[in-house]
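Here's a quick tour for anyone opening this structure for the first time. Keep the sequence and the 3D view side by side as you read.

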Amino acid sequence: MLRRDLSKLENFATIVGMMVGSGSFVAIGEAGKNAGPSSVLAYLLLGPVTLLLALPYIIYGSTPLGNVAGGAYMHISRTFKNHFFAFIVMWLTWLTYLGVLSVLAVSVGRYLQPFIPSLDPRVTATICLVVFYLINITGVKQFGRIQSAMFYVLILAVAALIVPGLFAIKAANFSPFMPNGTDGFLKALPILFFAYAGFDALSQTAGETKNASSSLPKIFVFGICTAIAIYMGISAVAFGTTPY
């Protein structure tokens, strides 16, 4: 029997923390090469798509089964009445998470390298992965506390970027809006969708959340909408303060 130690705030911190990170520090730079200032529009268009993808989790989570541990596996296995299919889907999901974790961990190392040139990004990435692995195996209560602390740091960092940046935006920097045309805009969409990935991880916390069936569906909606607003703010500042 899992302990229901996660609060609403800790779950909200989890979904926002899972979604906001790669999009603001990795994906936006890659997508910007193709889409330029139209990355703002791309984030806006992908927001409703993400909400639609989350809809099955929201509906399933609002039922009595939403309180049961197992998350997406329970949802898929019960919907399709096939445990093997659910296993394959979840195995592929965790394989994807490993890839995402690797990208983010190496990105941390690359960001630190200008400050410590002798530091190998692969060493930094390995240390990051080991540290967060140890945090997770200490228990869900510790995970929730640390996730909340990281969430506060994230919000402060985002606010420090967006709030002053809004006053430095120049309309001229948004022209041309699509420097590489429609093709460039479309090429950026898969990269930016990567930024919204991770929202489904919230379903895995159902067995460790207080009143999961009533709280998690609302947190899904509020968390995704918060991520949309943050990404649009970051991209507006990033492309509005400097010429493409």
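How many residues does α9 have, and how far does α9 reach from its first C-alpha to its last? The helix has 29 residues and spans 40 Å, close to the 42 Å expected at 1.5 Å a residue. Bear in mind that this is a predicted model. The notes below start with α9 and the core, then move on to α5, the loops, the one salt bridge and a few distances.

**α9 and the nonpolar core**

- α9 is mostly covered, with 21 of its 29 residues counted as buried.
- The largest nonpolar core holds 44 residues, and the ones touching the most other members are Ile15, Val16, Phe199 and Phe220.
- Several helices share in this core: α1 (8-19), α2 (22-35), α3 (39-61), α4, α5, α7, α8 and α9 (212-240) each give two or more residues to it.
- α9 is the top contributor to this core, with 12 residues.

**α5 and its greasy side**

- α5 has 30 residues, and the distance from its first C-alpha to its last is 44 Å, close to the 44 Å expected at 1.5 Å a residue.
- Right at the start of α5, Asn82 points a side-chain oxygen to within 3.0 Å of the backbone nitrogen of Phe84.
- Phe84 also turns up in a nonpolar surface patch of about 890 Å², together with Phe87, Ile88, Trp91, Leu92, Leu95, Leu98, Leu101 and Leu129.
- Which element gives the most to that patch? It's α5, with 8 residues.
- Take Leu98 as one patch member: this leucine sits in helix α5, and it counts as exposed because its relative accessibility is 54%, where exposed means over 50%.
- α5 has a hidden set of residues too, as Ala86, Met90, Thr93, Tyr97, Ala105, Ser107 and Gly109 are buried.

**Loops worth a look**

- Just before α5 comes Lys81, in the loop between α4 (72-80) and α5 (83-112).
- Lys81 has a positive phi of about 50°, even though it isn't a glycine.
- Is Lys81 buried or exposed? Lys81 is exposed, at 73% relative accessible area.
- Further along, the loop between α7 (140-166) and α8 (181-196) is home to Pro176.
- The peptide bond leading from Ser175 into Pro176 is cis, with omega near 0°.
- Lys170 lies in the loop between α7 and α8 as well, and Lys170 is exposed, with a relative accessible area of 54%.

**The salt bridge**

- How many salt bridges does a search of the whole structure find? The search turns up 1.
- Arg122 and Asp120 make that pair, and their closest N and O atoms are 2.9 Å apart.
- As a general point, side chains of opposite charge can pair when their charged atoms come close.
- The two partners differ in how much of them shows: Arg122 is exposed at 60% relative accessible area, while Asp120 is partly exposed at 27%.

**Distances along the chain and in space**

- Lys170, from the loop between α7 and α8, is 69 residues from Phe239 in sequence, yet their C-alpha atoms are 9.2 Å apart in space.
- Asp183 lies in helix α8 and is exposed, with a relative accessible area of 56%.
- Asp183 and Met19 are 164 residues apart in sequence, and 26 Å separates their C-alpha atoms.
- Ile191 is another residue of helix α8, and this isoleucine is partly exposed, at 26% relative accessible area.
- What separates the C-alpha atoms of Ile191 and Val140 in space? The gap is 31 Å, for two residues that are 51 apart along the chain.

Key: Residues numbered from 1 in each chain as written. Predicted model: local features only at pLDDT ≥ 70, side-chain atom pairs only at ≥ 80, totals over all residues. Heavy atoms only, no water. Helix = DSSP H or I, 4+ residues; strand = E, 2+ residues; numbered from the N terminus. Buried < 20%, exposed > 50% of the residue type's maximum accessible area, 1.4 Å probe, protein only. Patch = residues over 30% accessible without salt bridge, like charges linked within 9 Å, V, L, I, M, F, W, Y side chains within 5 Å. Areas by Shrake-Rupley, 256 points an atom, 1.4 Å probe, with all protein chains shown as cover. Salt bridge = Lys/Arg side-chain N within 4 Å of Asp/Glu carboxyl O. Expected span 1.5 Å × (residues − 1). Polar contact = N/O pair within 3.5 Å; in protein donor to acceptor, adjacent residues only side chain to side chain. Core = buried A, V, L, I, M, F, W, Y, C linked by side-chain atoms within 4.5 Å.
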